[in-house]
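Biologist: Please take me closely through one part of this model, beginning at a single exposed position and working inward from there. I would like the surroundings described with care, and each term explained as you use it.

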Amino acid sequence: MRLLKIRELAEEKAWTLKEISDHYGVINSTVRSYTRRLGMTIVDFTAIHRLVHTFDVTIEDLVEILEE
């Protein structure tokens, strides 16, 4: 199962989800949906790429793989 750690990374930088979407070019509904979804099978790679650059982390830091 895959989980995006957007909320945790945003909290580390004291950013809101809205700030991420407004300032870094990721649609707000995409950011919100990625924080709620567990077991994601399909993602928008452009959004993931922007989030990785937004938080200055690797994809491995953004995506947490949970054992079932």
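Modeller: Aspartate 56 counts as exposed, because its relative accessibility is 67%, where exposed means over 50% relative accessible area, buried under 20% and partly exposed in between (1.4 Å probe, protein chains only). This is a predicted model, in which local features need pLDDT of at least 70 and side-chain atom pairs count only at pLDDT 80 or more, while totals for chains, interfaces and linings use all residues. Residues are numbered from 1 along each chain as its sequence is written, and side-chain values use heavy atoms, with hydrogens and water left out.

Aspartate 56 sits in the loop between α4 and α5, helices being DSSP runs of H or I with at least four residues and strands runs of E with at least two, both numbered from the N terminus. Its phi is near 55 degrees, a positive value in a residue other than glycine, and this residue comes just after α4.

The helix that ends there, α4, spans residues 45-55, and its buried residues are Ala47, Ile48, Leu51, Val52, Thr54 and Phe55. Seen down the axis of α4, these buried residues fall within an arc of 160 degrees, so they line one face of the helix; the arc is that of the directions from the helix axis to the C-beta atoms. The face turned away from this buried side carries the exposed residues Phe45 and His53.

On the other side of the loop comes helix α5 (residues 59-62), in which leucine 62 is found. Leucine 62 counts as buried, because its relative accessibility is 0%. Leucine 62 and valine 52 are 10 residues apart in sequence, and their C-alpha atoms are 6.8 Å apart in space.

From here the path leads into the interior. The largest nonpolar core, meaning a set of buried Ala, Val, Leu, Ile, Met, Phe, Trp, Tyr and Cys residues joined through side-chain atoms within 4.5 Å, has 16 residues, and those with the most contacts inside it are Ile6, Ile20, Tyr34, Leu51, Phe55 and Leu62. Two or more residues of this core come from each of α1, α2, α3 and α4, and the largest share, five residues, comes from α4.

Isoleucine 20 shows how α4 meets its surroundings: leaving aside neighbours within four places in sequence, isoleucine 20 is in contact with Ile6, Ala10, Trp15, Gly25, Val31, Leu51, Thr54 and Phe55, contact meaning heavy atoms within 4.5 Å. In α2 (residues 17-24), Leu17, Ile20 and Ser21 are buried. Down the axis of α2 these buried residues fall within an arc of 90 degrees, so they line one face of that helix, and they pack against α1 (6-12), α3 and α4.

Helix α2 also holds the one salt bridge found in a search of the whole structure, a salt bridge being a side-chain nitrogen of Lys or Arg within 4 Å of a carboxyl oxygen of Asp or Glu. Aspartate 22 forms it with lysine 18, and the closest N and O atoms are 3.0 Å apart. Both residues lie in α2, four residues apart, about one turn of the helix. Aspartate 22 is partly exposed, with a relative accessible area of 47%, and lysine 18 is partly exposed at 47% relative accessibility. Just after α2, glycine 25 takes a positive phi of about 80 degrees.

A second positive phi outside glycine belongs to alanine 14, at about 60 degrees. Alanine 14 is in the loop between α1 and α2, and it counts as exposed at 64% relative accessibility.

As for confidence, the mean pLDDT of the protein is 80, and 81% of its residues reach 70 or more, pLDDT being the predictor's confidence in each residue, from 0 to 100. Confidence is highest in α1, at a mean of 88, and lowest in strand β1 (residues 2-4), at 68. Where pLDDT is low, the predicted coordinates should not be read in detail.
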